[in-house]
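User: Please walk me through this model. Keep the answers short.

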Amino acid sequence: MGYKYIQEGLSTADATEGQLLIARTIHGQLIPEVDKQLIPRELAAMYIGPAQIEGSSYDVDLETPNTMSVNLVGEGAEIPHQGPLFETFNVKPLKYGLRIEITSEMLEDNKWKGGLLTRAVTLAAKRFAENETSLILEQLDNANSTVTGGAAITLANLVRAKQHLEDEDYEATDCLCGVEVANDLIQIDTFTEADKFGSRETLTRGFLGTVFGIRFYRFSTNAAPSTTYSKYAYVFDRKHAYMIVEKRPITQKAYTIETHDLQGVALTQRIAVRYLRAKAIAKITTS
């Protein structure tokens, strides 16, 4: 009767009873999460590291553009006084952190190959990198000019953003695109021409191609401050757009809590991103 009962259970597709008879193998290696397309540090105008920051913050002096002019001077007349003007701002790195705690039992009994705590630290480091991308986008949002596009970005939008920079004597060198904007771009003929389109290898790193001398990159909306960034693009001059100030690189400190039989790691970073010149950035929005 027992055999007949099991057979009837299987024939009626009862999931619970059916699974009791199926041998299962647990995959012995944890499948890692997908990597997000982040903004590479090479796009920053400058990176200021810990060795360059004596105190808790960093002062930056900028020459104010177009503050001197050459004047026509009559014979014997006084030569007009001219001098450069400067503006100063202060960047104070803020502290970001998280901690990971894992019981000794979890470390002893986990079914995946490799160190569970080590894997958790790797994931945490990725979260810090994603936070940096978010900070960069927040600063690019200080763009002096905004080009309002329609449902999809157009070449006219790109040309107008490029002109905004050139009107202020900046050079449009790079463009960071949200996912929706990036998908609009690769449907434009100019981008699909063989000599202007990125190879498959470069596409895996978020590089879309070079058009009008501008290098286009895609960033992950999941690493952006908001999902609306998927509809944005930022055209900027790499030499003047933004800077990264890092007082403390990602640092990990291991600890144990004997009373709870836990092992933990605390990770911290002190970092700030700040735009340099708002006129060196143009924002394109789509609906």
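**Fold, pocket and backbone**

Analyst: Among contacts (heavy atoms within 4.5 Å) in the protein chain between residues at least 6 apart in sequence, 77% join residues at least 24 apart. This is a predicted model: local features need pLDDT of at least 70, side-chain atom pairs count only at pLDDT 80 or more, and totals for chains, interfaces and linings use all residues. Residues are numbered from 1 along each chain as its sequence is written, and side-chain values use heavy atoms, without hydrogens and water.

User: How many helices and strands are in the protein chain?

Analyst: Both are DSSP runs numbered from the N terminus: helices are H or I with at least four residues, strands are E with at least two. The protein chain has eight helices and twelve strands.

User: Which strands stand at the edges of the open sheet, and why is one side of each left without a neighbour?

Analyst: Two strands pair if DSSP finds at least two bridges between them. Four strands form this open sheet, with mixed pairing, in the order 1-10-11-4. Each edge strand has a single partner strand, so one side lacks a neighbour in the sheet; the edges are strand 1 (46–48) and strand 4 (94–103).

User: In what sense do strand 4 and strand 11 pair?

Analyst: Strands of a sheet pair through backbone hydrogen bonds, either parallel or antiparallel. Gly 97 stands opposite Thr 268 in strand 11. Over ten bridges, strand 4 and strand 11 (residues 262–275) pair in the sense called antiparallel.

User: At about what angle does helix 4 run to strand 11?

Analyst: Axes are lines fitted to C-alpha atoms, for helices over the stretch in contact, and angles run from 0 to 180 degrees between N-to-C directions. Helix 4 (residues 116–140) lies across strand 4, strand 10 (242–257) and strand 11. Its angle to strand 11 is about 15°.

User: Is Asp 169 buried or exposed?

Analyst: Asp 169 is in the loop between helix 5 (155–167) and strand 6 (174–177). Its phi is positive, about 70°, although it is not a glycine. Buried means under 20% relative accessible area, exposed over 50%, partly exposed in between (1.4 Å probe, protein chains only). Asp 169 has 65% relative accessibility, so it counts as exposed.

User: What is the relative accessibility of Phe 212?

Analyst: Phe 212 lies in the loop between strand 7 (207–211) and strand 8 (214–218). Phe 212 has a positive phi of about 60° although it is not a glycine. Phe 212 counts as partly exposed because its relative accessibility is 41%.
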